[in-house]
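This briefing goes through one protein model by topic. The sequence and structure come first, and the notes follow.

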Amino acid sequence: MQVDPRAPELVAGDFVAMMHASRTCVLVHDADTKRILWANPAASELLGWSVSELRPLKANDMSSSAQQYDRVIGRALLQEAVDKGTCRYEWHYRSRSGRVIPTDVVAARVELAQGPAVMVQFRDIEREQEIEQRLRLTTSYVDALAHHTATVALVLDGTGLVQFATDTALALLGADPADELGPLARYGTLRLGGRASTWDEIRDRADPVTAVRLAVRGDADPVWLEGSLERLRDAGDAWLMILHDVSGRVHEEVRRERELQRENYLARYTAMGDMAMAIAHELGQPLAAAGNFLGGATRHAEALAAAGELSAKAAEPLAFGIGSAVRQIDRASTIVGAVRAFVGHLEHVRQVTELGEILAECLYFVRLRADAAGVEVVVREHPDPVPVRCERVLTGQVLLNLCFNAIDELAACPPADRRMVLTTTVEGDEGVLTVDDQGRGLPHDPFAQSFTAKERGSGIGLALSYRIITRQHGRIWAQRRPEGGSRFGFALPLARGNP
């Protein structure tokens, strides 16, 4: 007897055999009374009852005692299948041994020879629920790791693109989680063994793991991260980078290195002081002799002029030249004496001088060098005298050094920008002198380093200027001007009342 013309090879008995062989549990309920008519072997095996034992059972005999599995609810669900043709729901059966079995149920109306019935197909989903619960728990752990941990973790692909980052990592990188993260190189520089490296080089070393350091670009100093890169097994083309912030340690290393440089400089400065004392001692006699020789030349020229052997026209420039040379020798002698006093043990400066006078004494030499470089010099003096406590000659040398540095900087600028402004003013209890230029600006604080970055020069000009000013209880600084260029300045204590 053929039951389905679409499958003439199958007869009614074949469908019975398939129902018996199926591992999907099947119960057949009467559509009207909802009593069990039949169960396949899979259902009998899962529930622990034979078909004859199942037939008289009610919902409360074979379901969980929880309220949501009450007999009334079970009958309503079966009736829904009768009315609508199908119904799907979760039901907790109770086996003969008392085990409560969560199942996924599909109930469908079927037309049997004796009338309508409900075929209930169900399967045990306890294992699936356990797996799902573990997955939810794992997901919560991953979510906690991503959003609530201080760990800096990144997952990258083989090309160096960041696929995942914890919230801490996103904050350090300055990345927006709503945007595509992009390559790691966008955020910083990888370093290996103290040198800059590439993603490809470090990735190839991760076999299976390698140490790594990342310098993340910051607004000021970089943020230094250190950790490891490891290839994730059984995860395809994926690498895990775990990092922690070591900026404090790196900055401490930089600080110690600068301290070492400063100690080396101080040793050089001490040696320079010894040499300066020796040079100042040795220069005194030749300078005095040169002054005597020039004095003798002056008297001889005057005698020749008085005797008529030297014309007044020739005597005048000769006297001017010799007089200028004498003044420069006197200045050199004064500088030598000041150096000897300074390199000695000058701890308390008692000399009082007017800041404007120091500026006036230096202007001749400043303008001489500025004119040669095509630099315009503008002077803005305080309307009142600015008396300060300082060593006059050495403070003038500091001013000259600042001005000469500014002129050297401006000489590399377009002619229209070659303008230097010298200003004296009073701020609180200090007399202040500043030198402003319109050059390229400062790449860093020059007083934080011991030596200059110039191609030519002694390399100790600013360091000596710093030492001279601070030893006189003053302060000296350098800053970038908002409108462009640099400002160097120093401030010295005002001399008020009796010295």
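Two strands count as paired if DSSP finds at least two bridges between them. By that criterion strand β17 (residues 430-437) pairs with β19 in the antiparallel sense, over seven bridges. The model is a predicted one. The points below cover a five-stranded sheet, the helices α10, α11 and α12, and a set of single residues.

**The open sheet**

- Five strands make up an open sheet with mixed pairing, in the order β14-β16-β17-β19-β18.
- The edge positions are held by β14 (376-380) and β18, each of which has a single partner strand, so one side of each has no neighbour in the sheet.
- On average, and ignoring direction, neighbouring strands of this sheet are turned by 15° against each other.
- Helix α10 packs on the sheet and touches β14, β16 (419-427), β17 and β19. The direction of α10 makes about 170° with that of β14.

**Strand β19 and its partners**

- Six of the eight residues of β19 are buried, so the strand is largely enclosed by the rest of the structure.
- In the pairing with β17, threonine 434 stands opposite glycine 489 of β19, and valine 435 has phenylalanine 488 of β19 as its bridge partner.
- Strand β18 (residues 475-480) also pairs with β19 in the antiparallel sense, here over six bridges.
- Glutamine 479 has arginine 487 of β19 as its bridge partner.
- β18 and β19 form a hairpin with five residues between them. In the turn, glycine 484 has a positive phi of about 110°.

**Serine 486**

- Serine 486 lies in strand β19, which spans residues 486-493.
- Its relative accessible area is 5%, and serine 486 is therefore buried, the cut-off being under 20%.
- Apart from neighbours within four places in sequence, serine 486 is in contact with Val435, Asp436, Asp437, Gly441, Leu442, Gln479 and Arg481.

**Helices α10 and α11**

- The axes of helix α10 (residues 355-373) and helix α11 (residues 392-410) come within 9 Å and cross at roughly 25°.
- Angles under 35 degrees count as roughly parallel, and α10 and α11 are therefore roughly parallel to each other.
- The crossing of these two helices is right-handed.
- On the α10 side the contact includes Ile358, Leu359, Cys362, Phe365 and Val366; on the α11 side it includes Leu399, Leu400, Cys403, Phe404 and Ile407.
- By class, the contact of α10 with α11 has 12 nonpolar, two polar and five charged residues.

**Helices α11 and α12**

- α11 also packs with α12, at an angle of about 145° and with the axes 10 Å apart.
- This crossing of α11 and α12 is left-handed.
- Leu394, Val398, Asn401, Leu402 and Asn405 of α11 meet Gly461, Leu462, Ser465, Ile468 and Ile469 of α12.
- The contact of α11 with α12 has six nonpolar, four polar and no charged residues.

**Arginine 191**

- Arginine 191 lies in strand β8 (residues 188-192).
- With 23% relative accessibility, arginine 191 counts as partly exposed.
- Not counting residues up to four places away in sequence, arginine 191 touches Ala196, Ser197, Ile202, Val212, Arg213 and Trp224.
- The C-alpha atoms of arginine 191 and leucine 214 are separated by 6.0 Å, although the two residues are 23 residues apart along the chain.

**Backbone points in loops**

- The peptide bond from aspartate 207 to proline 208 is cis, with omega near 0°. Proline 208 lies in the loop between α7 (199-205) and β10 (209-216).
- Lysine 34 has a positive phi, near 70°, and is a residue other than glycine. This lysine 34 is in the loop between β1 (25-30) and β2 (36-39).
- At 10% relative accessibility, lysine 34 counts as buried.
- Histidine 473, again a residue other than glycine, has a positive phi near 65°. Its place is in the loop between α12 (461-471) and β18.

Conventions
Residues are numbered from 1 along each chain as its sequence is written. This is a predicted model: local features need pLDDT of at least 70, side-chain atom pairs count only at pLDDT 80 or more; totals for chains, interfaces and linings use all residues. Side-chain values use heavy atoms; hydrogens and water are left out. Helices (H or I, at least four residues) and strands (E, at least two) are DSSP runs, numbered from the N terminus. Buried means under 20% relative accessible area, exposed over 50%, partly exposed in between (1.4 Å probe, protein chains only). Contact means heavy atoms within 4.5 Å. Axes are lines fitted to C-alpha atoms, for helices over the stretch in contact, and angles run from 0 to 180 degrees between N-to-C directions. Angles under 35 degrees count as roughly parallel, over 145 as roughly antiparallel, 65 to 115 as roughly perpendicular and the rest as oblique. A crossing is left-handed if the near helix is turned anticlockwise from the far one by less than a right angle, and right-handed if clockwise. Ala, Val, Leu, Ile, Met, Phe, Trp, Tyr, Cys and Pro count as nonpolar, Asp, Glu, Lys and Arg as charged, and the others, Gly among them, as polar.
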